[in-house]
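Grab a pencil and work through these exercises with the structure open beside you. Try each task yourself before you read its solution.

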Amino acid sequence: MKTNDYISLLDRYGAQNYLPLDVVIQRGEGVWLYDVEGNRYLDCLSAYSAINQGHVHPKILETLINQAKKITLTSRAFRNDQLPLLCKELADLTGYDMALPMNSGAEAVETAVKLARKWVYQVKGIPQDTAEIIAFEGNFHGRTITMISFSSEAAYREDFGPFTPGFSIIPYGDHGALARAVNPTTAAVLIEPIQGEAGVIVPPDGFLKQVREICSENNILMIADEIQTGLGRTGRLLACDHESVRPDILVLGKALSGGFYPVSAVLADRPIMGLFQPGDHGSTFGGNPLGAAVARTAIEVILSENMIQNAAVIGEYFQERLAEIPSKHVKEVRGKGLLIGVELKSSAGGGRRFAKKLQESGVLIKETHDNVLRFAPPLIIDRDTVNWALERIFPVLTMD
Ligand SMILES: *Cc1c(COP(=O)(O)O)cnc(C)c1O
């Protein structure tokens, strides 16, 4: 079968809820992807940062195979010998007292929202069903009804109502708006330290600190969704680390899977996480031994192979070189570490044609919000490979 055969099969039998590039991947190794025709591409998307460790990392693969031979799922009705170790290692890694593993990112944010609501009722004693959570314009927290209930993206919401109440939306980066939005029913502020899906939007310097201060002053929880920005992507373990900000609730996902098996997690200290009681919340697959073992190794290789430091150094180099490209189409190059956004001018004709041209030259990216090209290769990428990519990006960004 050839590329077009696979494409027509999916067109015929698969739901059309995505508009993928017409490349059919068969194999991956490190930063490279290979399609069914044998063409090689540099992966500059990393499955939206789920592949920080690179494709089919040998150590994570070994863990997956060994664990799959022993035990894969017990449900939480019984205990398993991987979950306690994952929770401890997540706590050691992040400095929080306790962890709650889930599967998808949306589920983990949902868990954090439930936890914040529980906290405000139990600790602050406000009347039931009045809790409010403040989120930001341009946010992306997943695709469940609750997550899209406070999305500002019309396409994510249209035809999917009615929505979950209890959220308010304010402009991203505006601490004055946040201070005004806080009221006695506010439970938490839910924030992405950099908005990935919105187009790699980096808030003004000091904004995370201001959010932290407003939350502390008003005794409300700061929830950081670091599903995309966490685990080294921005050149620090967490993007919040750039401002030395410690959220009350931390949400991880994507790269916690090593790209093998979906694992997400919510982290908090005991006074908050300890509010969950048996029966409050759960998931059949959350905390399963296969996922837990994979996540443990996914974390281990990020640390032992210096991926965070590499993301900082190579990310800065990549961003600087991209910014030097004399392109009439580029409005701004921004980002942190290896989460880089190239915003195009409205005259550029949209990001899709650039993504297609890059595909032809062997670099895979995806445009986000029509006019932003996101460059987010696996954190193991080296300088030579970035230079290889730049040689291919240059002619595309400088085309007519
Ligand atoms: C991808 C993402 C999610 C959703 O994760 P899923 O695993 O797709 O449910 C939530 N928040 C952020 C910031 C993300 O980037």
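Keep in mind that the model is predicted.

**Exercise 1. An aromatic cluster**

Task: Find the aromatic cluster that contains Tyr172, then classify the pair formed by phenylalanine 136 and phenylalanine 207.

Solution:
- Start with the members: Phe136, Tyr172 and Phe207 make up one aromatic cluster.
- Next, recall how to describe such a pair: you need the distance of the centres and the angle of the planes.
- For phenylalanine 136 and phenylalanine 207, the ring centres are 5.8 Å apart and the planes meet at 80°. Planes over 60 degrees apart count as edge-to-face, so that's what this pair is.
- Now place the two rings along the chain. Phenylalanine 136 belongs to strand β5 (residues 132–136) and phenylalanine 207 to helix α9 (residues 207–217), with 71 residues separating them, so the pair links distant parts of the chain.
- Finally, check burial, where the cut-off is under 20% relative accessible area. Phenylalanine 136 has 1%, so it counts as buried, and phenylalanine 207 has 0%, so it's buried too.

**Exercise 2. A second ring pair**

Task: Work out how phenylalanine 318 and phenylalanine 375 are arranged, and which parts of the chain they tie together.

Solution:
- Take the geometry first: the centres are 5.8 Å apart with 65° between the planes, and the pair is edge-to-face.
- Then look at the elements. Phenylalanine 318 sits in helix α12 (residues 307–324) and phenylalanine 375 in strand β15 (residues 372–375), so the pair joins parts 57 residues apart in sequence.
- Last, accessibility: phenylalanine 318 is buried at 0%, and phenylalanine 375 is buried at 0% as well.

**Exercise 3. One face of a helix**

Task: List the buried residues of α9 and work out how they are placed around the helix axis.

Solution:
- The list is Phe207, Leu208, Val211, Arg212, Ile214 and Cys215.
- Look down the axis of α9: these buried residues fall within an arc of 165°, so they line one face of the helix.
- The spacing rule helps here: an α-helix has 3.6 residues a turn, so residues three or four places apart point the same way.
- What covers them? The buried residues of α9 are covered by elements including β5, α8 (175–181), β7 (186–191) and β8 (221–225).
- Step off the end of α9 and you'll meet asparagine 219, with a positive phi near 50°.

**Exercise 4. Two hairpins**

Task: Trace how strand β2 (residues 32–35) pairs with β1 and with β3.

Solution:
- Begin with the side chains of β2. Trp32 and Tyr34 point one way, Leu33 and Asp35 point the other way, and all are buried.
- Go to strand β1 (residues 25–29): four bridges join it to β2, and the two run antiparallel. Within this pairing, isoleucine 25 has aspartate 35 as its bridge partner.
- The β1–β2 hairpin has two residues between its strands, and glycine 30 in the turn has a positive phi of about 60°.
- Go on to strand β3 (residues 40–43): three bridges join it to β2, again antiparallel. Here leucine 33 has tyrosine 41 as its bridge partner.
- The β2–β3 hairpin has four residues between its strands, and glycine 38 in the turn has a positive phi of about 90°.
- One extra detail: arginine 40 lies over the face of tryptophan 32, 3.6 Å from the ring centre.

**Exercise 5. Cysteines**

Task: How many disulfides does the structure hold, and how far is cysteine 240 from the nearest cysteine sulfur?

Solution:
- The disulfide count is zero.
- For cysteine 240, the nearest cysteine sulfur is that of cysteine 215, 11 Å away. A disulfide needs the sulfur atoms within 2.5 Å, and cysteine 240 is in no disulfide.
- Is cysteine 240 buried or exposed? With 0% relative accessibility, it counts as buried.

**Exercise 6. Backbone oddities**

Task: Describe the backbone at proline 162, alanine 47 and valine 56.

Solution:
- From glycine 161 to proline 162 the peptide bond is cis, with omega near 5°. Proline 162 is in the loop between α7 (154–157) and β6 (167–170).
- Alanine 47 isn't a glycine, yet its phi is positive, about 45°. You'll find alanine 47 in helix α2 (residues 46–49), partly exposed at 38%.
- Valine 56 also has a positive phi, near 45°. Valine 56 is in the loop between α2 and α3 (58–70), and at 43% it is partly exposed.

Conventions: Residues are numbered from 1 along each chain as its sequence is written. This is a predicted model: local features need pLDDT of at least 70, side-chain atom pairs count only at pLDDT 80 or more; totals for chains, interfaces and linings use all residues. Side-chain values use heavy atoms; hydrogens and water are left out. Rings of Phe, Tyr and Trp (its six-membered ring) pair if their centres lie within 6.5 Å; planes under 30 degrees apart count as stacked, over 60 as edge-to-face and the rest as tilted. Buried means under 20% relative accessible area, exposed over 50%, partly exposed in between (1.4 Å probe, protein chains only). A charge sits over a ring if NZ of Lys or CZ of Arg is within 6 Å of the ring centre and within 35 degrees of the ring normal. The arc is that of the directions from the helix axis to the C-beta atoms. Contact means heavy atoms within 4.5 Å. Two strands pair if DSSP finds at least two bridges between them.
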